[in-house]
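Here's a quick briefing on how the parts of one protein chain meet. Have a look at the model first, then read on.

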Amino acid sequence: MKVSDYILQRLREWEVDHVFAYAGDGINGLLAAWGRADNHPRFVQSRHEEMSAFQAVGYAKFSGKVGVCAATSGPGAIHLLNGLYDAKLDHVPVVALVGQTNRSAMGGSYQQEVDLQNLYKDVASDFCETAMVPEQLPNLIDRAMRTAYAKRTVTAIIIPADVQELDYSPPTHAFKMVPSSMGLSHYAPVPADTDIEQAAGVLNAGEKVAVLIGQGARGARAEVEELADVLGAGVAKALLGKDVLADDLPFVTGAIGLLGTRPSYELMRDCDTLLMIGSSFPYTQFMPELDQARAVQIDIDPHMIGLRYPFEVNLVGDARETLRRLLPYLRRKENRAWRGKIEKDVARWWEVMQRRAAVDADPINPEYVVHALDGRLPDDAIISADSGSAANWYARHLRLRGRMRGSLSGTLATMGPGVPYAIGAKFAHPDRPAIALVGDGAMQMNGMMEMVTAAKYWPQWSDPRLIVAVLNNHDLNQVTWEMRAMEGAPQFEASQHIPDLPYAEIAQRIGLEGVRVEKPEQVEAAWDRALAADRPFVIDFRTDPAVPPIPPHAELDQIEAAAAAILRGDSDRGSMIKQGVKAKVQEMLPGTRHREDRPGAGPDDSAGEKP
């Protein structure tokens, strides 16, 4: 048995089913071992190593297992970095296996020799080691897997090409040998009883309780619902926690932050008590004023506790077990006026979203595109969103409920993971439909080529549906709006304008399906066709770049900055003014718009009162 054979065997023992990778001579030994192992764990070939890393991240996010990626030495290892940083910043367990030049050439400025130990020392800071002799295994693999699982982070093993080819010999019962063992038991740390009682005292004293949850609360859905009921609280969600609690619950205010909702903004603005569970939401300005609320935080990671706000009580523990111990100490709020206001604000917000989606645009309102998907989402759908304006509409218009899952690049906010996340999701759950919402910039950056990956593997998925919705507006739209709102600068077309591509036609040329949608009345039929397809499907939606991602709490200086951009000659200023006013006015209308007034409204749409 070669070292490379043993590496794959140990991965199998850790129940690793897939390795997302790209070939190169720095891992030739591993590639040969894959051939001898009958491709188990399965080698999933992307078009680029960065996409392999993103696919590993998507797989890990949606499976709950460690994602494993592999790449060759030098450029291959470098290409992994962006996806690995996405995993590190979103606290996702990923293990990277990277090749290195032969030991005899290391330090000799050899071809493709890169100091990987230094290159990876930040992204894999918790564990990054180089295998120099066979006896270091299995310890290196076991520690990399255990550390990734336990700390929800990135780890890396560097394997020189000649080491891969050595005969494997295990560590012995001898001096300076390090044997190892398999497995990691489940554990759920909890705070001390005195800390629980102190936290309960803070929450019981409050009259207007706000809860903010992140992905760390995913295993505590029932407990969060019970707590919100007892305390009469509203629950806002960081974007990575969007699928933690169902959006159709009347007290769930939705996303928070720049992409967030008006009810979440007002929940934080008006509360007197804050409970944050399993989130490292970074934007303090969207939380209560620093002297406004008494606050409690629950997080499993002691290094992430006490961040973002002056918390009075910091509980280090598993969200589910901590809440189970906390709930008996909480007293039910008899005055439900705060809860009633929250539920009224939430109902009002969804009316506003319906009206904003109904605003006419040229040619299609992107909000309508995503809003039309909301009621059509299969109960077991997995949704990914790319960074950019697509994330705005994902955050505001999709109501995740039941078994639905969703994610994006939350902290790194990198462009490009939308499609590879969806591919990773398909390998995690080949029996569930995956939907990626991406901008045309991200689609051109890497999404289109990853449809080649989808074309290669989709016949192996029991449910072949992978839908990519391209919001095609010929503009790097999020940056355009940031320039207007933050810099007061007009659109710089040389940097912002991107060429049109026939995305659906390209998909058809590689054996997939697709359709280009240029009119509002075609939107719903396109979604229906894609959801009924027997293979991956690309929908090229021609959307209007002038529809603004106006934050529901837009500050005066942002509005003034946008106005300055108009005065300085923004190339799209006419449409920008028109769409901005039309979108914002929907928040001021008293009722809901009749369904027959909405483009493409179907029989399942609920009609509200006329304004």
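How many salt bridges does the rule find across the interface of domain 1 and domain 3? The count comes to zero. Polar contacts are another story: 17 residue pairs make them across that interface, counting pairs with both residues at pLDDT 80 or more. Keep in mind that this is a predicted model.

**Layout**
- The chain splits into domain 1 (3–165), domain 2 (193–344) and domain 3 (359–588).
- Between the C-alpha centres of domain 1 and domain 3 there are 32 Å.

**Contacts and buried area**
- On the domain 1 side, 23 residues are in contact with 30 residues of domain 3.
- Together, domain 1 and domain 3 bury about 2100 Å², and 60% of that sits on carbon and sulfur atoms.
- If you want three residues to click on, go for R47, F54 and F62: they supply 33% of the area domain 1 buries against domain 3, more than any other three residues.

**Polar side of things**
- To put the two counts together, the rule finds zero salt bridges between domain 1 and domain 3, but 17 residue pairs in polar contact.

**What domain 1 brings to the interface**
- Four elements give two or more residues each to the side touching domain 3: strands β1 (18–21) and β2 (42–45), plus helices α3 (49–63) and α5 (81–89).
- Helix α3 has the largest share of that side, with nine residues.
- By type, the domain 1 residues on the side that touches domain 3 come out as ten nonpolar, eight polar and five charged.

Definitions and conventions. Residues are numbered from 1 along each chain as its sequence is written. This is a predicted model: local features need pLDDT of at least 70, side-chain atom pairs count only at pLDDT 80 or more; totals for chains, interfaces and linings use all residues. Side-chain values use heavy atoms; hydrogens and water are left out. Domain bounds come from an automatic or database domain assignment. Contact means heavy atoms within 4.5 Å. Buried area is the accessible area (1.4 Å probe) that two parts lose on being put together, summed over both. A salt bridge is a side-chain nitrogen of Lys or Arg within 4 Å of a carboxyl oxygen of Asp or Glu. A polar contact is a pair of N or O atoms within 3.5 Å; within protein, one must be able to donate a hydrogen and the other to accept it, and residues adjacent in sequence count only if both atoms are side-chain atoms. Ala, Val, Leu, Ile, Met, Phe, Trp, Tyr, Cys and Pro count as nonpolar, Asp, Glu, Lys and Arg as charged, and the others, Gly among them, as polar.
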